[in-house]
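User: Please take me through the reasoning behind some of the labels used for this structure.

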Amino acid sequence: MTTATAAYWEPLWLEGRRYRRLDEPETRLLDEHLGPGRGRAALDIGCGDGALARHLHHQLGYRATGIDCSPSALVLAAAKDSTERPGPLWRCADVGADDLTALPEPAYAAITCRLVYRWLDDKAAFVNRVRRLLVPGGVFWVVTEITGRREDTDPLHGLGISPAEAEILTAGWSVVRTNDLDVLRCYALRP
């Protein structure tokens, strides 16, 4: 079974699996690279429980939409919204396979992809889809683990992207900025 589908992720979210929390060093970098939203559209791909989409929406002032292929993840995300403080829009979509013209906006000033890129089967097609959704001057923010950054004895030592997969991600952008946070690398990519 491919790891880029709801058939893989839905049971994990449903059984209560949770993933690395968004922390202050990561949000500080995100804020520096994306800047204030000023009501512009943002898309969080693979939003999971919605922490990053909510940060874009509430702290940075973007009009955020979070998409995920797991309905259970989206239920968790929406459960943190309230009528007093409405959150981002939540949509069930598989960025690798679904028709993205059904998204609420035709293009986005910021597109984020946190801890998802490593799991995509066709990384080049994914990056090309993102390019088409990004407005001129926009930012594609990717956070991913780099292979081999963990201790050799760590069972997750091989988790992450290879140098070749990093090249697919960064090729063809006019600006590429990276920052490392422990086992993660953050990419700010601009057309």
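User: How many disulfides does a search of the whole structure find, and what makes Cys69 unable to bond with the closest cysteine sulfur?

Analyst: The search finds zero disulfides, a disulfide being a pair of cysteine sulfur atoms within 2.5 Å. The closest cysteine sulfur to that of Cys69 belongs to Cys92 and is 7.0 Å away, which is too far for a bond. This is a predicted model, in which local features need pLDDT of at least 70 and side-chain atom pairs count only at pLDDT 80 or more, while totals for chains, interfaces and linings use all residues. Residues are numbered from 1 along each chain as its sequence is written, and side-chain values use heavy atoms, with hydrogens and water left out.

User: Why is Cys69 called buried, and what is Cys92 called?

Analyst: Buried means under 20% relative accessible area, exposed over 50%, and partly exposed in between (1.4 Å probe, protein chains only). Cys69, at 13%, therefore counts as buried, whereas Cys92, at 48%, is partly exposed.

User: Why is Arg114 called buried, and which side chain does a polar contact join to that of Arg114?

Analyst: Arg114 has a relative accessible area of 13%, so the label buried applies. The side chains of Arg114 and Glu26 are joined by a polar contact of 2.5 Å, the term meaning a pair of N or O atoms within 3.5 Å, where within protein one must be able to donate a hydrogen and the other to accept it, and residues adjacent in sequence count only if both atoms are side-chain atoms.
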